[in-house]
Amino acid sequence: MAPTAIPLANTLLPGRLSGACLLSFGLLSPLAACADLIADSQLNLGLRNFYLDRDLRGDSSPTSRVGSWTQGFDLRFQSGYSEGPLQFGLDASAQYVYRLDGGGGRGPDTVIPYDDSRGEPLRDYGRAALTAKLRYGKTELTIGEHRPRLPVAFFDDSRQMVSTFHGFQISSQEIQGLSLTAGRFDRIASRESANHEKLYLFTRPNGPRHVSDGLNFAGASYELLPNLSASYFYGQLEDIYRQHYLGLSHKQSLAGGYQLKTDLRYYDNREDGDALYGDIDNRSYGLMGALSKNGHTLSLGLQRMLGDSGFPTLNGFTPQPWLVNWSALAFISPNEKSWQVRYDYDFSHMGVPGLQLAARYLRGSGIDRGNQLSDTSENERGLFLSYVVQSGPLRGLGFSWMNIHAQLKHGSDFEENRLITTYTWKFW
């Protein structure tokens, strides 16, 4: 069957940002000849070969086993900045995914878009976008595509295509030790979508979609001491929820060469405006401690959800790794209390740099399913092994294997394997 690629040109600039980005592009074009704009630029092509297989145990449906084998391409151009006090730049990216296996007879796999009319995943899909940049001193304005790592918005690279947000963001580090961030995202392209959609809450597959006009956010991170930092962020998904985040991170050197890192994180989520999804009542507390020495790291995480609602997540089950127990099951159900124990080892301490191992176990209990239903529990075991070639002509080539086993008291258990090969080709 011939490929059915989605035209990238149709996905360059979403919604109301098109005019702003095109105007910025027009302003930037005369500056393209500036030496710093080109000399400091980078052009990289990320290659990712991704195999996923999920076996839904106890499910007798024809689609009880889902997955795919795909090849992904992530081309990114990052310009330098023009000369002068007020500096300009322009970034561009294009992502494309091609399915290598047949895929017939399998259901949606959370990797590539699924064609319900044909009963199979699409053969291929792609998207592209621009980001205009404006910098003055240590303050930067970006307009267009973003891959944020914020407590109120986080991009997803856990599958094949990377999810992206679209809007504008201002970041500033003018004051020593203080980082300020603010902005607005009005669209998202989730990991299994070629389209730039308005933001809405992920409830369940094919659940209700009440769209918001945008996510407004602002926050600050401050280094109180060399080993202690604090952060606060506020997010407003218009007419859906208001979110407050508080975080503390502390690092301490202990006797015997041990290092202790402690993270304390808190979220408060409430409905906003027209409350398109009804009342939202969720608070989460998380504590993560990690003790390290000579390549060994032992971590313990404790998390508690309080209130009548689960933790709100965005389109495509966008991840929230600022929750200390975020994982395949997420552990974000109403009233759920969860814990995890994790062990990591870096084999460079045994003379094998680039080889890393991680194993973890998580358990959640006390999940509130409503007045007429009994509470329930869930647990997840994960094993991760990765290796990156450190030298020679294949330097940077990465291999990873992930095995996840999940058990749910009320739901379908599953076993999942992911095999990933990555390489980044740096043109300059």
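**Exercise 1.** Which residue's side chain is joined to that of Arg418 by a polar contact? Then decide whether Arg418 is buried or exposed.

*Solution.* The model is a predicted one.
Step 1: find Arg418 in strand S22, residues 413-426.
Step 2: look at the side chains; that of Arg418 makes a polar contact of 2.5 Å with the side chain of Glu416.
Step 3: apply the cut-off, where buried means under 20% relative accessible area. Arg418 has a relative accessible area of 6%, so Arg418 is buried.
Step 4: list contacts beyond four places in sequence; those of Arg418 include Phe50, Tyr51, Ser158, Trp401 and Ile404.

**Exercise 2.** Which two residues touch the most other members of the largest nonpolar core? Which strands each supply at least two of its residues?

*Solution.* Step 1: this core has 27 residues, and Leu237 and Ile332 touch the most other members.
Step 2: at least two core residues come from each of the strands S11 (178-189), S12 (215-225), S13 (228-237) and S14 (241-253).
Step 3: examine Leu237; among the residues it touches, beyond four places in sequence, are Leu199, Leu201, Asp272 and Leu314.
Step 4: note a second, separate core of 9 residues, with Phe50, Val111, Ile112 and Tyr125 among them.

**Exercise 3.** Where is Leu264 placed, and how does Leu264 count by accessibility?

*Solution.* Step 1: Leu264 lies in strand S15, residues 259-271.
Step 2: its relative accessibility is 45%, so Leu264 counts as partly exposed.
Step 3: Leu264 helps to make a nonpolar surface patch of about 1000 Å², along with residues including Tyr222, Leu248 and Trp339.
Step 4: two or more residues of the patch come from each of S12, S17 (296-306) and S18 (337-346).

Technical notes. Residues numbered from 1 in each chain as written. Predicted model: local features only at pLDDT ≥ 70, side-chain atom pairs only at ≥ 80, totals over all residues. Heavy atoms only, no water. Core = buried A, V, L, I, M, F, W, Y, C linked by side-chain atoms within 4.5 Å. Buried < 20%, exposed > 50% of the residue type's maximum accessible area, 1.4 Å probe, protein only. Helix = DSSP H or I, 4+ residues; strand = E, 2+ residues; numbered from the N terminus. Contact = heavy atoms within 4.5 Å. Patch = residues over 30% accessible without salt bridge, like charges linked within 9 Å, V, L, I, M, F, W, Y side chains within 5 Å. Areas by Shrake-Rupley, 256 points an atom, 1.4 Å probe, with all protein chains shown as cover. Salt bridge = Lys/Arg side-chain N within 4 Å of Asp/Glu carboxyl O. Polar contact = N/O pair within 3.5 Å; in protein donor to acceptor, adjacent residues only side chain to side chain.
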